[in-house]
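Today I looked up how a few helices pack against one another and whether any enclosed space is left between them. My entries follow in the order in which I worked.

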Amino acid sequence: IGLGIPAEPLFRSRDKCKMIPMQIDLSSIGMEKGKQYETIITTHNSKGAQNAAPIGVICSGPDKVLCRIFKGRHTLDNMCGQREFVVNITHNPELFYMSTLGNLPESYFSKNDSIKDVDAYFKCEVTSLKEAVKRSDPIKSNGEAIIIKANAVELVIKRDIKAFNRGFGHVIESLSNYSRFDLVDEAKKQDYIKSFREARRVVRKIGYKKDIEAMKVIEKKIKEKGYDV
């Protein structure tokens, strides 16, 4: 199964029969350069078997993305073998947990590898594969990962949507924990602080400026209670 990537980038309007050649701009689905978004990447292997996996994707330009994937995953094998993949944009939790805990049923996939019930997707061509070693990563795998860089070659928007950046989710969770801080015992307070430190790490890495500023305010409030974060 091939993606049938067109010779020039295309944008598909809501009229499914109409294909309009134009410059792809991922900001039309809320993706900004340098930010990471939670997506579901779909691929196929040499035998045509399709696979879906939640993968964080970094927008590196108006029509460029990159992601870092650990070795041993079907998604990485398929990307390396086929040199193409599809990035699906959705807020549907069912699609995320199903593709995390197993693979999506065949009926969920379109012939072009996209997921049928998503709000938008874009097809990508791999431009480079590079060994990635990051000793500071909390995931220990001896640095066995690959950074994939790719160009978006077709963007399909079915419904208005913004790609999900999980920095905001960490802000909300940190605020929720803070609101309970004075109601719990010391052991639970330490759990909240540990959770906040990890949330702060993630937000600093992938969040928007407003998310980072919000975490600074929460940090200040926790310190005012006499705790080191």
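I began with the term I needed for the enclosed space: on a 1 Å grid over the protein atoms alone, a cavity is a set of points where a 1.4 Å probe fits but cannot get out, and its lining residues have an atom within 4 Å of a point. Grid points are joined across faces, edges and corners, and a volume is the space filled by probe spheres set on the points.

I noted that this is a predicted model, in which local features need pLDDT of at least 70 and side-chain atom pairs count only at pLDDT 80 or more, while totals for chains, interfaces and linings use all residues. Residues are numbered from 1 along each chain as its sequence is written, and side-chain values use heavy atoms, with hydrogens and water left out.

Entry on the cavity. I searched the whole structure and found one cavity of 30 Å³ or more; about 60 Å³ of space lies in the largest cavity. Its lining consists of Ser-174, Asn-177, Tyr-178, Phe-181, Tyr-192, Ser-195, Phe-196, Ile-218 and Ile-222, and the elements giving two or more residues to that lining are α3, α4 (186–206) and α5. Helices here are DSSP runs (H or I, at least four residues), numbered from the N terminus. By class, I recorded six nonpolar, three polar and no charged residues in the lining, where Ala, Val, Leu, Ile, Met, Phe, Trp, Tyr, Cys and Pro count as nonpolar, Asp, Glu, Lys and Arg as charged, and the others, Gly among them, as polar.

Entry on α3 and α5. How do the axes of α3 and α5 cross? The axes of α3 (residues 167–179) and α5 (residues 209–224) come within 9 Å and cross at roughly 20°, the axes being lines fitted to C-alpha atoms over the stretch in contact, with angles from 0 to 180 degrees between N-to-C directions. The two helices are therefore roughly parallel (under 35 degrees, whereas over 145 counts as roughly antiparallel). Among the α3 residues in contact (heavy atoms within 4.5 Å) are Ser-174 and Tyr-178, and among those of α5 are Ile-218 and Ile-222. This contact has eight nonpolar, three polar and two charged residues.

Entry on α3 and α4. The axes of α3 and α4 come within 9 Å and cross at roughly 155°, which makes α3 roughly antiparallel to α4. The α3 side of the contact is Gly-167, His-170, Ser-174 and Asn-177, and the α4 side includes Tyr-192, Ser-195 and Phe-196. I counted six nonpolar, five polar and no charged residues there.

Entry on α4 and α5. The axes of α4 and α5 come within 10 Å and cross at roughly 155°, so α4 is roughly antiparallel to α5. Their contact includes Phe-196, Arg-200 and Arg-204 of α4 with Asp-211, Ile-218, Glu-219 and Ile-222 of α5, and its residues divide into eight nonpolar, no polar and four charged.

Note on methods: Angles under 35 degrees count as roughly parallel, over 145 as roughly antiparallel, 65 to 115 as roughly perpendicular and the rest as oblique. On a 1 Å grid over the protein atoms alone, a cavity is a set of points where a 1.4 Å probe fits but cannot get out, and a pocket is an open set with protein on both sides within 12 Å along at least five of seven lines; lining residues have an atom within 4 Å of a point.
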